[in-house]
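Subject: Handover of a structure and notes on it

Dear colleague,

Please find the structure below, together with its sequence. My notes on it follow, and I would be grateful if you would read them with the structure open.

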Amino acid sequence: MTQANPSSFPLEFESIYRGISEVFPHQPDSSDPEQNLTQRLLKCDRPLRIKLGIDPTGAEIHLGHSIPVRKLRAFQDAGHTAVLIIGDFTARIGDPTGKSEVRRQLTEADVKTNAETYLEQVRPILDFDTPGRLEVRYNSEWLSSLDLGKILELLSTMTVGQMLAKEGFSERYGKGDPVFLHEFLYPLMQGYDSVAVQSDVELGGTDQKFNIAVGRDLQRHFGLLPQFGLLVPLLLGTDGSQKMSKSLGNYVGLQEDPLSMYSKLEKVPDALIQDYFELLTAVQLNTLPENPRDRQKLLALEITRQFHGEAAAQQAQQAAISLVQGTGEPAAGVPEFSLAQINFPAKLFYLVGSTPLCASSSEARRQIQGGAVKLDGEKVTDPNQEFVSPDDLIGKVVQVGKKKFARLTP
């Protein structure tokens, strides 16, 4: 996974450099703390300031988003200060990186609503309690007060040619698709965040290299020591082929219930198992079980434990065994769905479509007809099967596919 040569990093910083794609600048033979991050770590007489920016453009964070957050925790554990920036101002523009069209601008209310969930979702990962180890900042603190003169100064640090070299911009421009001027401001504002918090290291995915490099340039422009960029890979989703994304349905959300989280991770393709262990856990890779199925179970248990605790993870594993392998034992920890929301008599496709297991009644009909739906372990194939009252359903478990479950309650 690591593209930078692992042998160039000392063992004492193993957790910091584990699974990274790139550090820049990186001159491993240099003793200059401006060119070699290890030298900066060894020689600096103060805790380094490690920046990670998160734009609250949605309400839910998934495991792919958690990778740089885990790296932030590794720096915390090494004695440095994590600076977590909630991009409440930049989110209103939206990062154009990797987008084939202009992003919809969010309202201030949209951003505030999304931001409220973010800190709770990363709380199981970061150290919120040790004094001096975490600063949570909102970039509206400095960006909302920039006057036109300061904005012009920021704009003067880059050329149109440099900006069009950014991935996405050049492609859209070449196709004749519109590139709006406010989008040019995004990397400059994210870069100015590095100036405002005086970061020593900025973390991000491999798609953030341009924006992080802009931060280095702006720090230099304002007379500060330029930050290092530390890039982590973009996580492939549970489908094994595309980047993890909620819109593609191949994601595992940090707020998912233990059984759903465990069930999804237990099915991660064999080819991705080692990457998931490297990027999402602290498990030593040379200790992994040889049997692929055992590795899947260990991965699911380890990650579910991180977010829900040991007891809930063990319960989820036992519930998955009971539901999927049919042990006949009652499965604990299954998410519940209240039948009080259903008007009876009700047909099966409507009932299943009303649960969180399917996006719509039409999807539920397709799943039932395709043989993907079970009721208490028994396959049901007639979408029009009618239930006169909830009495025969209470306590039963609806299953869609291998990963989605709901217990029906009054």
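In what follows, a helix axis is a line fitted to C-alpha atoms over the stretch in contact, and the angle between two axes runs from 0 to 180 degrees between their N-to-C directions. Please bear in mind throughout that this is a predicted model.

**Helices α9, α10 and α6**

With that definition, the first pair to consider is α9 and helix α10, the latter made of residues 209-221. Their axes come within 7 Å and cross at roughly 55 degrees. Angles of 65 to 115 degrees would count as roughly perpendicular and angles under 35 degrees as roughly parallel; α9 and α10 are therefore oblique to each other. The crossing in which α9 passes α10 is right-handed. On the α9 side, the residues in contact are Tyr186, Pro187, Leu188, Gln190, Gly191, Tyr192, Ser194 and Val195. On the α10 side, they are Phe210, Asn211, Val214, Gly215, Leu218 and Gln219. Sorted by class, this contact of α9 with α10 comprises 8 nonpolar and 6 polar residues, with no charged residues.

Helix α9 (residues 181-197) also packs against helix α6 (residues 148-155). Here the axes are 10 Å apart and the angle is about 105 degrees, which makes α6 roughly perpendicular to α9. The contact brings Lys150, Ile151, Leu154 and Leu155 of α6 against Leu185, Leu188 and Tyr192 of α9. By class, the contact of α6 with α9 has 6 nonpolar residues, 1 charged residue and no polar ones. Leu188 and Tyr192 of α9 thus appear in the contact with α6 and in the contact with α10.

**The six-stranded sheet**

An open sheet is formed by 6 strands in the order β1-β6-β5-β2-β3-β4, with mixed pairing. At its edges lie β1 (22-24) and β4 (134-138), each of which pairs on one side only. On average, neighbouring strands of this sheet are turned by 20 degrees against each other, direction ignored.

Within this sheet, strand β5 (residues 201-205) pairs with strand β6 (residues 228-232) in the parallel sense, over 5 bridges. Strand β5 is also joined to β2 by 2 bridges, and these two strands run parallel. Glu202 takes part on both sides: its bridge partner in β6 is Gly229, while Lys51 stands opposite Glu202 in the pairing with β5.

How many of the residues of β5 are buried? The strand is mostly covered, with 5 of its 5 residues buried. Both faces are covered: Val201, Leu203 and Gly205 are on one side, and Glu202 and Gly204 are on the other.

Two helices lie across strands of this sheet. Helix α3 (residues 63-77) lies across β2 (49-54), β3 (81-86), β4, β5 and β6, and runs at about 160 degrees to β2. Helix α4 (residues 108-122) lies across β2, β3 and β4, at about 155 degrees to β3.

**The five-stranded sheet**

A further open sheet has 5 strands in the order β7-β13-β12-β9-β10, again with mixed pairing. Its edge strands are β7 (336-338) and β10 (378-379), and each pairs on one side only. Strand β9 (residues 373-375) is joined to β10 by 2 bridges, and the two run antiparallel. In this pairing, Lys374 stands opposite Lys379 of β10.

**Two individual residues**

Is Ile16, in helix α1 (residues 14-17), buried or exposed? Its relative accessibility is 1%, so Ile16 counts as buried. Leaving aside residues up to four places away in sequence, Ile16 touches Leu41, Lys71, Ala74, Phe75, Ala78 and Leu230. The C-alpha atoms of Ile16 and Leu279 are separated by 11 Å, although the two residues are 263 residues apart along the chain.

Glu336 is found in strand β7. With a relative accessibility of 61%, Glu336 counts as exposed. Apart from residues up to four places away in sequence, Glu336 touches Arg407 and Thr409. Glu336 and Leu408 are 72 residues apart in sequence, and their C-alpha atoms are 5.9 Å apart in space.

Yours sincerely

Definitions and conventions:
Residues are numbered from 1 along each chain as its sequence is written. This is a predicted model: local features need pLDDT of at least 70, side-chain atom pairs count only at pLDDT 80 or more; totals for chains, interfaces and linings use all residues. Side-chain values use heavy atoms; hydrogens and water are left out. Helices (H or I, at least four residues) and strands (E, at least two) are DSSP runs, numbered from the N terminus. Angles under 35 degrees count as roughly parallel, over 145 as roughly antiparallel, 65 to 115 as roughly perpendicular and the rest as oblique. Contact means heavy atoms within 4.5 Å. Ala, Val, Leu, Ile, Met, Phe, Trp, Tyr, Cys and Pro count as nonpolar, Asp, Glu, Lys and Arg as charged, and the others, Gly among them, as polar. Two strands pair if DSSP finds at least two bridges between them. A crossing is left-handed if the near helix is turned anticlockwise from the far one by less than a right angle, and right-handed if clockwise. Buried means under 20% relative accessible area, exposed over 50%, partly exposed in between (1.4 Å probe, protein chains only).
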